[in-house]
Amino acid sequence: MSQLQKYDLVFVLGHSHCGSTLLGRMLNRHPDLLCPGEFLWIDDALDKNLPCSCGLAMNTCPFWAEHLPRLPPKILKDYTQTRAADLHTLRLAANRKVLLDLSKSRFYRVPRLARTERMGLIFLARDPRALLASRLREGGELPHEIRKLRKWTGRFLDLIDDHQPDSMTLFYEDFVAQPEKTIRSICTFIGLEFRPELLQPGDQEHHFCHSSVSPYLKGKNEIRIDDRWRRELSPDQIALINRKVRKIPLYADRYDLNDSTMPAG
Ligand SMILES: [Zn+2]
């Protein structure tokens, strides 16, 4: 049965390390969809000379060398100038029906994009303890990172609420446990046919802007849950996080935020 495509632009919302790159690599295998990675971070990528996810510099990567000259120079210097029309320029030049963007927090900073027609939003939520363990690994400080996580969770939930029924919330843990079910639900949401090759993200070169290049990830199709937080966080850190995020129903309803540590002795 053929699906009726509902959206031309789809933005993924979520905290860093929410699993959006994997989601983008899978959906980018669809012949009707283009995922350019975190497009609203292109000014930062160019400014810092961050490579494309294919490993080449942005101006030598075949995809970006072709597409950068078509884009308004002002958006390459300041992402807040980006208009939906610029994303359509990229989408149409690549001859795709849907563009999926992974910029996450920066979508919130460009409010005009939220008023785009035929636009869908996906919030990819994840266990806050896993998100925060990733931030600590990068040198973050826990109380500060918890405040940021709460603030941005509220912002993402508001965007999702404001954009009903053209929005959906997914959980990273469901995605990695049942990738086919999750990818099928996203295809239904957008109105694209599901294809088995979407589950083989490593069988294709991807040209994601502002996406960390992990030599390990390249060419890999294996999907495995990352739950390093269980070993990395101390019982005190877990108790603090649980206490601070318990009031957010999104997390309280989905994760066991009760402290399971038994008293010593
Ligand atoms: Zn590339």
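Trainee: At what angle do helix 8 and helix 12 pack?
Mentor: Bear in mind that this is a predicted model. Helix 8 covers residues 142-162, and its axis sits 11 Å from that of helix 12. Angles under 35 degrees count as roughly parallel, and helix 8 is therefore roughly parallel to helix 12. The packing angle is about 30°.

Trainee: Which residues of helix 12 does helix 8 meet?
Mentor: The crossing of this pair is right-handed. Helix 8 brings Leu-142, Ile-146 and Arg-150 to the contact. By class, the residues of the contact of helix 8 with helix 12 are five nonpolar, one polar and two charged. On the helix 12 side you'll find Gln-237, Leu-240, Ile-241, Lys-244 and Val-245.

Trainee: Now helix 7. Is helix 7 parallel or oblique to helix 12?
Mentor: Take helix 7 as residues 128-137 and helix 12 as residues 235-245; their axes come within 10 Å. The two axes cross at roughly 125°. Angles of 65 to 115 would be roughly perpendicular and those over 145 roughly antiparallel, so helix 7 and helix 12 are oblique.

Trainee: How many charged residues are in the contact of helix 7 with helix 12?
Mentor: Helix 7 offers Pro-128, Arg-129 and Leu-132, while helix 12 answers with Ile-238, Ile-241 and Val-245. Five residues of that contact are nonpolar and no polar ones turn up, which leaves the charged count at one.

Trainee: On to the sheet. Which strands are at its edges?
Mentor: Five strands make an open sheet with parallel pairing. Reading across, the order is 2-3-1-4-5. An edge strand pairs on one side only, and here those are strand 2 (33-34) and strand 5 (167-171).

Trainee: Which residue in strand 4 is the bridge partner of Leu-13?
Mentor: Start with the strands: strand 1 is residues 9-13 and strand 4 is residues 119-125. They pair in the parallel sense over five bridges. Leu-13 has as its bridge partner in strand 4 Phe-123.

Trainee: Which strands does helix 10 lie across?
Mentor: Let's take helix 8 beforehand: it lies across strand 1, strand 4 and strand 5, running at about 145° to strand 4. Helix 10, residues 179-190, runs at about 160° to strand 4. The strands helix 10 lies across are strand 1, strand 3 (98-101), strand 4 and strand 5.

Notes
Residues are numbered from 1 along each chain as its sequence is written. This is a predicted model: local features need pLDDT of at least 70, side-chain atom pairs count only at pLDDT 80 or more; totals for chains, interfaces and linings use all residues. Axes are lines fitted to C-alpha atoms, for helices over the stretch in contact, and angles run from 0 to 180 degrees between N-to-C directions. Helices (H or I, at least four residues) and strands (E, at least two) are DSSP runs, numbered from the N terminus. Two residues are in contact if their C-beta atoms, placed from the backbone, lie within 7 Å. A crossing is left-handed if the near helix is turned anticlockwise from the far one by less than a right angle, and right-handed if clockwise. Two strands pair if DSSP finds at least two bridges between them.
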